[in-house]
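Visitor: I'd like a close look at a single part of this molecule, followed outward from there. Please take it slowly, since I'm new to this.

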Amino acid sequence: MSFAVVLMAYGSPDRLSDVPAYYADIRGGRPIAPERLEELVERYRALGIEDSNPLNEITEETRARLEFELGVPVFTGMRHWTPRIADAAEQALATGADLVVGLVLAPHYSDMSIGSYLRQLEQALAGRAELAFVERWGAEPGFVELLAERVRGADAHVVFTAHSLPERILAEGDPYRDELLETSRLVAEAAGIANWSFSFQSASPTGEPWLGPDIVEHLDELAGGGVENVLVCPVGFVSDHLEIRWDIDTVAAERARELGLGLSRIDLPNADPAFVRVLAGLVRRAAAVPSAR
Ligand code: FEC
């Protein structure tokens with residue numbers, strides 16, 4: 001049985017002028033307040049994404065390294081930008097593959113996130129090849145160790161973070177928050193860190209409550225409790241995209257300065273060869289047991 005890989009990511013605009021169409025895709029036809037769009041354009045502008053976007057370069061580097069490591073074709077498919085997941089699925093089928101392995105560059109399962117990547121890929125393949133989809137990998141030992149290496153010996157309170165989602169997912173029995181806490185616990189344990197906590201980041205003002213605490217209010221609590229230095233370890237993200245460079249490096253860092261709190265963050269895995277080897281292990285396992293999710 002021959003296989004190909006569809007490596008999926010959230011997607012990021014290629015240049016500043018793409019932001020309105022990109023945001024419209026995220027909103028999926030729901031209305032966009034003009035001031036929200038303006039704010040988003042300004043955020044991307046502040047990060048210097050005028051004519052090219054380094055995030056997409058990181059994703060391409062990860063794809064290329066994964067392809068080299070595995071020796072099988074790997075295609076990138078974005079949830080909210082081009083190349084689309086459907087395009088990647090067509091490319092995978094064009095190789096003659098009878099099995100497609102789907103892997104998302106986000107470790108924790110939520111129906112709103114990973115579930116949506118899965119639905120897009122299933123729809124695109126439309127039964128034309130078997131699908132082995134990796135639904136979660138937040139407890140993968142190689143990934144846990146990669147993060148543990150980055151926090152081990154830290155002389156600071158470690159704050160693990162991940163993207164927030166609307167609070168209603170808890171009532172729906174979604175495993176997302178539990179999986180995030182489990183990764184945080186595993187990393188802290190592997191690193192021998194006792195002084196840690198977890199907070200969410202990047203909530204959107206969509207008019208309903210989102211999971212908290214948010215990193216900014218959490219920094220207030222930590223400073224109030226006498227913490228002097230914080231090391232942020234984003235367990236729910238794997239690359240230097242907007243949510244890291246804006247919400248952590250800009251907004252949270254600014255709040256920490258106001259509070260007199262030292263704030264640093266770990267280097268994200270990006271296209272680190274050790275991280276690519278973890279991804280390759282996940283793909284090999286899924287390809288060996290295609291029906292096991
Ligand atoms: O660097 C970049 O250009 C893209 C960075 C990016 C990543 C990312 C990851 C996740 N999101 C998740 C959930 C939501 C929900 C909404 C939402 C909105 C946005 C907006 C931008 C954006 N997200 Fe994102 N997300 C990234 C970027 N995200 C830009 C729109 C502006 C805003 O609201 O702040 C709300 C949608 C709505 O309006 O209804 C929900 C989750 C992840 C982590 C998993 C993954 O990577 O897929 C969950 C990276």
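Guide: Let's start with one word: contact means that heavy atoms lie within 4.5 Å of each other. Keep in mind, too, that this is a predicted model.

Our part is Arg 168, which you'll find in helix H7, covering residues 168-171. Leaving out residues up to four places away in sequence, Arg 168 touches Met 112 and Glu 208. Let's stay with Glu 208 for a moment. Along the chain it is 40 residues from Arg 168, yet their C-alpha atoms are separated by 8.8 Å. The side chains of the two make a polar contact at 2.8 Å. And is Arg 168 tucked away or out in the open? Its relative accessibility is 39%, so it counts as partly exposed, a label for values between the 20% and 50% cut-offs.

Now try another arginine for comparison. Arg 277 sits in helix H11, and its relative accessible area is 48%, so this residue is partly exposed as well. Arg 277 and Phe 237 are also 40 residues apart in sequence, but here the C-alpha atoms lie 17 Å from one another.

Helix H11 takes us into the interior. The largest nonpolar core has 62 residues, and Trp 137 and Val 151 touch the most other members. H11, spanning residues 273-288, gives the most to this core, with nine residues. Look at Val 151 up close: beyond its neighbours within four places in sequence, its contacts include Val 158, Ala 191, Leu 231 and Ile 266. There's another core apart from that one, with 23 residues, including Met 8, Val 100, Tyr 117 and Ala 124.

Tyr 117 gives us a way over to the ligand. It is one of the residues that come nearest among the 26 around the ligand, along with Ser 12, Arg 27, Tyr 44 and Ser 204. Sort that shell by type and you get 14 nonpolar, seven polar and five charged residues. Some side chains there place an N or O atom by a ligand oxygen: for Ser 12 the distance is 2.5 Å, for Tyr 44 it is 2.5 Å, and for Arg 30 it is 2.9 Å. Helices H1 (19-27), H2 (34-46) and H10 (242-259) are the elements that give two or more residues to the shell. The ligand has an iron atom too, and a single donor from the protein, the OH of Tyr 10, is 2.6 Å from that iron. Tyr 10 itself is in the loop between strand S1 (3-9) and H1.

Loops hold a few backbone oddities as well. The loop between strand S6 (196-201) and helix H9 (215-224) contains Pro 213, and the peptide bond from Gly 212 to Pro 213 is cis, with omega near 5 degrees. Ser 202 is found in the loop between S6 and H9 too. Its phi is near 65 degrees, a positive value in a residue other than glycine, and Ser 202 counts as buried because its relative accessibility is 10%.

Asn 270 also has a positive phi, about 45 degrees, without being a glycine. Asn 270 is in the loop between strand S8 (262-265) and H11, and at 15% relative accessibility it counts as buried. That brings us back to H11, the helix that holds Arg 277.

Terms used
Residues numbered from 1 in each chain as written. Predicted model: local features only at pLDDT ≥ 70, side-chain atom pairs only at ≥ 80, totals over all residues. Heavy atoms only, no water. Core = buried A, V, L, I, M, F, W, Y, C linked by side-chain atoms within 4.5 Å. Buried < 20%, exposed > 50% of the residue type's maximum accessible area, 1.4 Å probe, protein only. Helix = DSSP H or I, 4+ residues; strand = E, 2+ residues; numbered from the N terminus. Near = heavy atom within 4 Å. Polar contact = N/O pair within 3.5 Å; in protein donor to acceptor, adjacent residues only side chain to side chain. Nonpolar A, V, L, I, M, F, W, Y, C, P; charged D, E, K, R; others polar. Donors = N, O, S within 2.8 Å, 3.2 Å for Na, K, Ca; no water.
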